[in-house]
Amino acid sequence: FFGGDHTDGEIMAAGGDDPRLAGLLARVRKSIVGKDTEGDEVNEIADKVEGSLRKRWEKPPTEEMEVVLRKRMVDDEARQVLFFPEEQDMQYYPVLILSAPDGSPKEHPANTLQQTAVPLLYLAHSKKWSLSRAFILGGGLTSLVSLLAHENLYLRSQAVETFSAFTDRCEEIDWLDTDDASEPLRRQLFGLSASCDIVKVLLGNMKDSYPNGGFTCLRLLAFWLSWVRALYCPERKLRLSQKVLDVLKEWSTYDGVSCKEEAELAKILFDDFNRLPPAPSTIPPSSAAGIDGKQAETTKGHGLCLEGAKEGGLSVDDLRLEGNELLKRGDIKQAEKTYSRAIKKSIEEAGGGGNGEGGSLLN
């Protein structure tokens, strides 16, 4: 069946009156209610969510999971994957949260599963880093991006907040750290540049989003663009298409913002990226941000292009020049880290043997 790592005892424990369910529902309620334990409205929402999850527990969507995951399952296995996934089970979650294909009937199995999987990911599983990490490595960020403009604002808000918990608000990983252990995670985040859909959906939340959703999406855009520029762009130069710049400029004066800080952030972003000439709406694969040159094909529809990022990150020369600039500015600690990255990359490119190139990086 799935994973092959669950014992019969573990699977059987998922059914019946599993004591773990009470603990899970308590954590879900706490995530919803927070400190407002006396608030009638928030407690009513928590009651509805708890009731819905109990129904799913009592009658799991096993048949729907079989269709979507294309594998045989029994009820207790479905409960295990949905409610109490282990790390190997999180490979299924990027599929479980997806919407049905365009043109599918409303009753499509994927839509049924999404109504349960997205809230569980947001309210429970995203709180545990080992599960979150497995989800990201399984392509989960790409799946979440597909939901950041979902017509159901309730699901959209959960997808946006989950994406934020994994990225700009994540305390478990420093996304700017370039240590080897984080490289697989960084590749997943940078991989979103292949189509630039992340730019499109985040900008699309300027209007008609959920309460404060626009500000959260703008903050996510600021984080992602700045991150790509810092780690993947020579001389930290990332060009945005004119269409992206136009939306940012409009956002900075939009009277529907949730707070003045939102408009201020939009202006900061516009001023920052408007210093460079705009990237063309479609650009050659050789200069496009993205992987394997795919961006030139996938951005023709919306013209939201980036230009200047490299899939493999900064070259040895890029890092050496950046280190020199940091040293000139007196940032010795950061310069040392950048030179170390350059030396490490130089050794890797030489096949791991020798360290004779390291001294030249300081020139």
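Which residues do ring pairs link into a cluster?

1. The residues are Trp175, Phe190, Trp227 and Tyr232, which ring pairs join into a cluster. The model under discussion is predicted, and the remarks below concern its aromatic rings and the charges placed over them.

2. Searching the whole structure yields 6 aromatic pairs. In the pair formed by Trp57 and Phe83, the ring centres are 5.2 Å apart and the planes stand at 90°, so the geometry is edge-to-face; planes over 60 degrees apart fall in that class. This pair connects distant parts of the chain, since Trp57 belongs to helix 3 (residues 40-58) and Phe83 to helix 5 (residues 75-83), with their positions 26 residues apart in the numbering.

3. Both partners of that pair merit a comment on accessibility. Trp57 has a relative accessible area of 4% and is buried. Phe83, at 1% relative accessibility, is likewise buried, the cut-off being under 20%.

4. A further pair consists of Phe135 and Phe166. Their ring centres lie 5.7 Å apart with the planes at 45°, so this pair is tilted. Phe135 is located in helix 8 (residues 129-137) and Phe166 in helix 10 (residues 153-166), so the contact ties together parts 31 residues apart in sequence. Phe135 and Phe166 are both buried.

5. Charged side chains also meet aromatic faces. Arg20 is placed over the face of Phe84, at 4.1 Å from the ring centre. The ring of Tyr122 has the charged end of Lys127 over it, 5.6 Å from the centre of that ring.

How values were computed. Residues numbered from 1 in each chain as written. Predicted model: local features only at pLDDT ≥ 70, side-chain atom pairs only at ≥ 80, totals over all residues. Heavy atoms only, no water. Phe/Tyr/Trp six-rings, centres within 6.5 Å; stacked < 30°, edge-to-face > 60°. Helix = DSSP H or I, 4+ residues; strand = E, 2+ residues; numbered from the N terminus. Buried < 20%, exposed > 50% of the residue type's maximum accessible area, 1.4 Å probe, protein only. Lys NZ or Arg CZ within 6 Å of the ring centre and 35° of its normal.
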